[in-house]
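Subject: Structure for your review

Dear colleague,

Please find the structure below, handed over for your own work. I would be grateful if you could look through it alongside the notes that come after it.

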Amino acid sequence: MKINPNYANVKKSYLFIEIAHRLREYTAAHPDADIIKMGIGDVTLPLAPAVVGAMHKAADEMGKKETFRGYVDDNGYDFLINAIKGYYKKLGVDLDYWEIFVSDGAKSDLGNILDLFDSDNTVLVTDPVYPVYVDTNVMAGRKIIYADANEANGFLPMPDPSVRADIIYLCTPNNPTGAAYTRAQLKEWVDYAKAQGAVILLDSAYEAFVTDPDVPHSAYEIEGARDCVIEFCSLSKTAGFTGTRCGYTIVPKTLKADGDLNAMWLRRQTTKFNGVAYVIQRAAEAVFTDEGQRQIRENIAYYQENAKILMAGLDRCGIKYFGGKNSPYIWLKCPDGMGSWEFFDRLLKEANVVGTPGEGFGVNGKGYFRLTSFSTHERTQEATERLYRMLNG
Ligand code: PLP
């Protein structure tokens, strides 16, 4: 037996372990400290009533002989696939039923999709980056190259025609920077991918947070994207499904490759995955109803208000930041030339606020810091006031 040697090359998941370690150490010494946590990107509001109602109803159906369901249909139940199809239709995007695959969330599919690609492919990711794109490819032994996201390009790197890439990851709106590509910018990436014969794996986990009319909700709003983009969507941040688990992946039948990626993905999923639970698919269906959409929009609006509170607080402190407008994340430049971890420590000890050091997401994150809007208005406001006091004595 030989193990996969590539695992030795996967970096230890140092970031959140180190944050937890420093937090534990501090709270052990200061057990009464009132800590405001704005680090981890998990939602805080509960599921919408329409979603919970659908789950209850579906659970009851599972308990009756006449309505019990066993194994799930191929790529998801038709009621959910049609609901997703309808959602895209409202964006002006026509999808074929068999291009939509229901999943247990974006993270699984972002990793699993790599089954379809040879290990001899060059992978292009941005830096800073959501670490899953890097780790899954390191596990498979692929070569990874980086596109710099920095202040000069507004944390939105554009393609360099002189760079060869086969698999391109784009996350827009971005985790961790909160930056989001406009239609025109995404079109440049689509044109580049087509010219290279590359595929774009587009992570749109945060599309529901988009407010800017120039920023697309789906890559398929861009001409030519059906030729080169696989899109990964999630109800985690859209509808608070981080613990409930449901998402969907779009694999167009028109993707240009030396094989039928849509057919390969169906084959892969029906071989290695047995679908998302009926109760959860009914819950997901409820997200797309008028009532569900109204309710989840209320929750998103609540988080967006937190982002505004944070941005106003940072403006008051004179701190430069990115994101926030189309995203639950705010990516700030650490004040007074502080390093990410230095700022983390000061913020923890002097303001009792926890965030995420930017350098945990890549070299270009050095000197930057991520705050999230997944909190309450009161705690978010309090955090900004503590930050102001920390910097102004
Ligand atoms: N993609 C990005 C960019 C994320 O930030 C996250 C979660 O934090 C995910 C995917 C994971 O989504 P899911 O919960 O659907 O697996």
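The notes below cover the pockets first and then the aromatic rings. Please bear in mind that this is a predicted model.

Pockets

The largest pocket holds about 1200 Å³ of space. Its lining consists of 41 residues, and those nearest the centre are Phe16, Tyr130, Pro131, Val132 and Phe361. Four helices each give two or more residues to this lining: H1 (14–29), H4 (106–112), H5 (131–139) and H7 (236–239). Of the elements, H5 gives the most, with five residues. By character, the lining of the largest pocket comprises 20 nonpolar, ten polar and eleven charged residues. Both domain 1 (10–47 + 292–392) and domain 2 (49–289) contribute at least three residues to it.

The second largest pocket has a volume of about 250 Å³. It is lined by 15 residues, with Phe117, Gly197, Ala257, Asp258 and Leu261 nearest its centre. Eight residues of this lining are nonpolar, three are polar and four are charged.

Aromatic rings

The structure contains 24 aromatic pairs. One of them joins Tyr206 and Tyr329 in an edge-to-face arrangement, with 5.1 Å between the centres and 70° between the planes. This pair links distant parts of the chain, 123 residues apart: Tyr206 belongs to the loop between strands E6 (199–203) and E7 (229–234), while Tyr329 is in strand E10 (residues 329–333). Tyr206 has a relative accessible area of 5% and is therefore buried; Tyr329, at 1%, is buried as well.

A further pair is formed by Trp331 and Tyr368. Their ring centres are 5.7 Å apart and their planes meet at 5°, so this pair counts as stacked. It too connects distant parts of the chain, since Trp331 is in strand E10 and Tyr368 in strand E13 (residues 368–372), 37 residues apart. Trp331 is buried, at 0% relative accessible area, and Tyr368 is buried at 9%.

Trp331 and Tyr368 also belong to one aromatic cluster with Phe155, Phe322 and Phe361. Phe361 thus appears in both parts of these notes, as it is among the residues nearest the centre of the largest pocket.

Finally, two arginines lie over aromatic rings. The charged end of Arg282 sits over the ring of Phe79, 3.6 Å from its centre. Arg69 is placed over the face of Tyr77, at 5.1 Å from the ring centre.

With kind regards

Key:
Residues numbered from 1 in each chain as written. Predicted model: local features only at pLDDT ≥ 70, side-chain atom pairs only at ≥ 80, totals over all residues. Heavy atoms only, no water. 1 Å grid on protein atoms, 1.4 Å probe; cavity = no way out; pocket = protein on both sides within 12 Å on 5 of 7 lines; lining within 4 Å. Points joined across faces, edges and corners; volume = space filled by probe spheres on them. Nonpolar A, V, L, I, M, F, W, Y, C, P; charged D, E, K, R; others polar. Domains from an automatic or database assignment. Phe/Tyr/Trp six-rings, centres within 6.5 Å; stacked < 30°, edge-to-face > 60°. Buried < 20%, exposed > 50% of the residue type's maximum accessible area, 1.4 Å probe, protein only. Lys NZ or Arg CZ within 6 Å of the ring centre and 35° of its normal.
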